[in-house]
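Open the model in your viewer and keep the selection panel at hand. The stops below say what to pick and what is found there.

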Amino acid sequence: MFDYKAAFETAVEQVKGEGRYRVFADLKRVRGQFPLAKRRREDGTEQDVVVWCSNDYLGMGQHPAVLEAMQVEIDQVGAGAGGTRNISGTTRSAVDLEAELASWHQKEAALLFTSGYVANEAALSTLQKILPGLITFSDSLNHASMIAGIRHGGGERHIFAHNDLEHLEALLKAAPADAPKLIAFESVYSMDGDIADLAGTIALAKKYNALTYLDEVHAVGLYGQTGAGVAERDGVLADIDIIECTLGKAIGVMGGYIAADSVIVDAIRSWASGFIFTTSLPPALTAGALASVRHLKAHPELREAHQERAAALKARFAAAGIPVMDSVSHIVPVHVGNPVHCKMISDMLLEQHGVYVQPINYPTVPKGTERLRFTPSPNHTDAMMDDLVKAMDALWTHCNVVRRPAAA
């Protein structure tokens, strides 16, 4: 008889043995006080913590305009969407949100999905159904959702070295000239914090007659004059064929979407199983996201403050000899290089110092590059940063983790 339970136990023990078993912190965010939260310990007691790793980059999940819009929507139309859009119809706020998102990215149309993961998986797999023989060229550090969508489509695919346009061009040149092609890449890569060369990638796409598919989930709301992303910042929005984003990070709610020419969006809407057979986002979420987007478009000072806070934390870490990794974005990764040490430091920061930052281990990052990933927001004060750096400095000594020479 096959021992099913033993197989599952072995799978869990393997993860634990590699030092990458994940334990979720029981956190309750405090309304209006982001990044503060209450952690419930196993014994039932509470601990005050400062959250340092949220992807709610601007604290919009706590913004009064967002909360009010969600509450009004619940009062007016109730909780659920009632099913798929094909069966239950479309919530008014969803229609308005798609129009707002399309305008934001200077596209003809947008399409909502239940998450950024689903948007990538559905769109990238569906494009291979719509375009027979499509060859996809994917950056080696693309998100798991992009990889899943490309694989699910079943078409020919090639992986180019991260941000290596010479390698990408070599692969494009070797492909049949008359075959449909798609270049899939991200703007901000969330684990290293580097940014793609959008203009260079677009130039290659035009040269080899390829479509461009850009994931801006870690950039939307944060870059560009109105927050439409790195493509807006770099002045290349019109040259990107399909943009994919999330509503769950800087926008502060939940969901994902694509924006493109109306015929592209209509084709994906008509073919994508991940859209057709999935219950729609609840109206409160679409109303909240709509309020958030409209606020972000009108307040560039939030983006300026966000960049200043990220730069300030990088400088503080460097001055203390903490091995902050090079990053040209708002992501502040600190190298540890060992999964056991990484989790140990994370646990001690939380238990002893009230600092919540999750360890980033394999398979999210390659083995040997384990790190702590900090995401300071405009709400993180100088005092919070001073406390964090003091705690990190003490633990780096206590755990005997390799430092960098302190900045002069």
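Along strand β2 (residues 36–40), which side chains point to one face and are buried, and which point to the other and are not? The model is a predicted one, and in it A37 and R39 take the buried face, whereas L36, K38 and R40 point to the opposite face and are not buried.

**Stop 1: the neighbours of β2**

Keep β2 selected and add strand β1 (residues 27–29). The two strands run antiparallel and are joined by three bridges. Within this pairing, L27 stands opposite R39, one of the buried residues of β2. Six residues lie between β1 and β2 in their hairpin, and G32 in the turn has a positive phi of about 80 degrees.

Next add strand β3 (residues 46–51). It pairs with β2 in the antiparallel sense, over five bridges. Here L36 has V50 as its bridge partner. The hairpin of β2 and β3 has five residues between the strands, and G44 there takes a positive phi near 95 degrees.

**Stop 2: the second largest pocket**

Stay on G32, which also belongs to the lining of the second largest pocket. To show the whole lining, select G32, Q33, F34, L58, G59, M60, Q62, H63, P64, L302, P378 and N379. The volume of this pocket is about 150 Å³. Coloured by class, the lining shows six nonpolar residues, six polar ones and no charged residues.

**Stop 3: the cavity**

Rolling a probe the size of a water molecule over the atoms shows where empty space is left. How many cavities of 30 Å³ or more does a search of the whole structure find? The search finds one. The largest cavity has a volume of about 150 Å³. Select R85, L112, F275, S280 and L281, which are the closest to its centre of the 15 residues that line the largest cavity. Then show β4 (109–113) and α11 (273–276): each supplies at least two residues of the lining. By class, the lining of the largest cavity divides into five nonpolar, nine polar and one charged.

**Stop 4: helix α6**

Select residues 144–153, which make up helix α6, and pick out S145, M146, G149 and I150, which are buried. Why do these residues line one face of the helix? Looking down the axis of α6, the buried residues fall within an arc of 135 degrees, so they share one face. R151 and H152, on the other side of α6, are exposed.

Now show what the buried residues of α6 pack against: α5 (116–130), β5 (135–139), β6 (157–160), β7 (181–186) and β8 (210–215). Just after the helix, G154 has a positive phi of about 80 degrees.

**Stop 5: a sheet of three strands**

Move to the open sheet with the order β11-β14-β13, where the pairing is antiparallel. β11 (332–335) and β13 (359–360) are at its edges with a single partner strand each, so one side of each has no neighbour in the sheet. Two bridges connect β13 to β14 (residues 371–374), and I360 has R371 in β14 as its bridge partner.

**Stop 6: G17**

Finish at G17, in helix α1 (residues 4–17). Is G17 buried or exposed? G17 is exposed, with a relative accessible area of 69%. Add V340 and draw the C-alpha distance: the two residues are 323 residues apart along the chain, and their C-alpha atoms are separated by 9.7 Å.

Terms used: Residues numbered from 1 in each chain as written. Predicted model: local features only at pLDDT ≥ 70, side-chain atom pairs only at ≥ 80, totals over all residues. Heavy atoms only, no water. Buried < 20%, exposed > 50% of the residue type's maximum accessible area, 1.4 Å probe, protein only. Helix = DSSP H or I, 4+ residues; strand = E, 2+ residues; numbered from the N terminus. Arc of directions from axis to C-beta. Contact = heavy atoms within 4.5 Å. 1 Å grid on protein atoms, 1.4 Å probe; cavity = no way out; pocket = protein on both sides within 12 Å on 5 of 7 lines; lining within 4 Å. Points joined across faces, edges and corners; volume = space filled by probe spheres on them. Nonpolar A, V, L, I, M, F, W, Y, C, P; charged D, E, K, R; others polar. Pairing = 2+ DSSP bridges.
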